[in-house]
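Here is a short note on the structure, set out as numbered points. Please read each point with the structure open beside the text.

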Amino acid sequence: MTRTIRIGTRGSALALTQTGTVADALRKAGQEVEIVKVSTPGDRSSAPIAEIGVGVFTSALREALLNKQVDVAVHSYKDLPTAPERGIVLAAVPPREDPRDALIARDGLTLGELPSGARIGTGSPRRTAQLRALGLGFEVVPIRGNIDTRLNKVFDGELDAVVLARAGLVRLGRADVITETLDPIQMLPAPAQGALAVECRVDDVDIEHLLRSIVDDEATRAAVTAERAMLAALEAGCSAPVGALAEVVEDYEDTGAGDRVVERVSLRGVAAAGLDDESVQLLRASAVAGKSEAEQLGRDLAAELLDLGAGALSGPGRESR
Ligand SMILES: NCc1[nH]cc(CCC(=O)O)c1CC(=O)O
């Protein structure tokens, strides 16, 4: 393609790094690329996400795409609303970073070493619910802000620890501050955490094909498809206390004439019912399906969680992941 491809991004250090990986892949394939910064209400306001609304980081980028100010938009996938946007297509899902959450605690402490009453900062109902469910007597303190703002609350001694996506820290070259990478058994990440969503206009078929052939990763796409289908079917919006993690695993299928290796998607989900100051109940489910059935797998797991009582979730209380 001879035209210069304009890639829209938020201006945060994390967003610029993420967009840089997509731009590099395109440049390596011989494309001319220009990076265009788009400011979003989520960057301009420090109010709780619940007050600014769903899609706070992503709708301005999508608008710039639809207005033809940019040709490509790169988002943190977990920040995207589950509802599809008319005129926009998900062209590629690049290889995922480590999807797990990370603990950054004072004095190099792990979760199990933090004392009862320790103050742990997070603005995410999902992380809050799972931290409370550990029953270790932590005090969860609501926080917001970019990664540095959050980290500084630990370094300044205002908090004992914060929980952040490992992927963001790795992309910023700050993995050194992590004192424990949390096991998904304790802390299931947000659906699509660690993954990027690369969008373009539906009618821009050349760009779509280019992105699909150069930056898309099939295994990541299958995994996040399952996670996001679960979230969408829970009708929980992009910010409810819901965790999900899918992995593509190799399995053996008996063909009658010997075993054959097949790829499957293994999905785990968690939903919190009745999250309040006093108590939290976590509902868990897991299932496996063929790689081509990722979407149905997500919907089925959501149905199982709803059967277990996750219906109590719908309603307010949606903040950030
Ligand atoms: N909610 C904000 C947000 N959106 C994407 C990331 C990190 C990178 C990622 O998960 O892909 C973060 C920060 C965090 O949750 O710690």
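1. Strand β6 (residues 119-121) is joined to β7 by three bridges, and the two strands run parallel. One pair within this ladder is Gly121 with its bridge partner Val141 in β7. The model is a predicted one, and this applies to every point below.

2. These two strands belong to an open sheet of five strands, in the order β7-β6-β8-β5-β9, and the pairing in this sheet is mixed. The edges are formed by β7 (139-141) and β9 (180-181), each of which pairs on one side only. As background, the strands of a sheet pair through backbone hydrogen bonds, in either a parallel or an antiparallel sense.

3. For the chain as a whole, the secondary structure amounts to 10 helices and 13 strands. The chain has 321 residues, and 46% of them are buried. Among contacts with a separation of 6 or more, 72% are between residues 24 or more positions apart.

4. How is the chain divided? There are three parts: domain 1 (5-94 + 196-216), domain 2 (101-181) and domain 3 (222-313). Domain 1 is written as two stretches of sequence, 5-94 and 196-216.

5. The centres of domain 1 and domain 2, taken over C-alpha atoms, are separated by 28 Å. Eight residues of domain 1 make contact with eight residues of domain 2. On the domain 1 side, helix α1 (residues 13-28) gives the most to this contact, with four residues. By class, that side has four nonpolar residues, four polar residues and no charged residues.

6. Strand β3 deserves a paragraph of its own. Five of its five residues are buried. Val72, Val74 and Ser76 lie on one side of β3, with Ala73 and His75 on the other, and both faces are covered.

7. Which strands pair with β3? One of them is β1 (residues 5-9), which runs parallel to β3 and is joined to it by two bridges. In this pairing, Gly8 stands opposite Ala73. Another is β10, which runs antiparallel to β3 (residues 72-76) and is joined to it by five bridges. Here Val74 has Val198 of β10 as its bridge partner.

8. Strand β10 (residues 196-201) is mostly covered as well, with five of its six residues buried. Besides its bridges to β3, β10 has four bridges to β4 (residues 88-92), again in the antiparallel sense. In the pairing with β4, Arg201 of β10 stands opposite Ile88.

9. Where do these strands meet the nonpolar core? The largest such core has 82 residues, and Val72, Val198 and Ala226 are those with the most contacts inside it. Helix α9 (residues 218-233) gives the most to this core, with eight residues. Val72 is a residue of β3. Leaving out residues up to four places away in sequence, Val72 touches Ile5, Ile7, Gly8, Val198, Cys200, Ile207 and Leu211.

10. Leu80 is a useful case of a loop residue, placed between β3 and β4. Is Leu80 buried or exposed? Leu80 counts as buried because 24 other C-beta atoms lie within 10 Å, and the cut-off for buried is 20 or more. Ser12 is 68 residues away from Leu80 along the chain, and their C-alpha atoms are separated by 16 Å.

11. Arg127 offers a second case, this time in helix α5 (residues 125-133). Arg127 has 27 C-beta neighbours inside 10 Å and therefore counts as buried. Its contacts, apart from neighbours within four places in sequence, are Asp101, Thr122, Val163 and Met187. The C-alpha atoms of Arg127 and Pro189 are 8.2 Å apart, although 62 residues separate the two along the chain.

12. The last point concerns the ligand. There are 11 residues around the ligand, and Ser76, Leu164, Ala165, Gly168 and Gln193 come nearest. β8 (161-165) and α7 (166-171) each supply at least two residues of this shell. By class, the shell has three nonpolar, five polar and three charged residues. Domain 1 and domain 2 each give at least three residues to the shell. Ser76, one of the nearest residues, is also one of the buried residues of β3.

Methods: Residues are numbered from 1 along each chain as its sequence is written. This is a predicted model: local features need pLDDT of at least 70, side-chain atom pairs count only at pLDDT 80 or more; totals for chains, interfaces and linings use all residues. A nonpolar core is a set of buried Ala, Val, Leu, Ile, Met, Phe, Trp, Tyr and Cys residues joined through C-beta atoms within 7 Å. A residue is buried if 20 or more other C-beta atoms lie within 10 Å of its own, exposed if 12 or fewer, and partly exposed in between; C-beta atoms are placed from the backbone. Two residues are in contact if their C-beta atoms, placed from the backbone, lie within 7 Å. A residue is near a molecule or strand if its C-beta atom, placed from the backbone, lies within 6 Å of it. Ala, Val, Leu, Ile, Met, Phe, Trp, Tyr, Cys and Pro count as nonpolar, Asp, Glu, Lys and Arg as charged, and the others, Gly among them, as polar. Domain bounds come from an automatic or database domain assignment. Two strands pair if DSSP finds at least two bridges between them.
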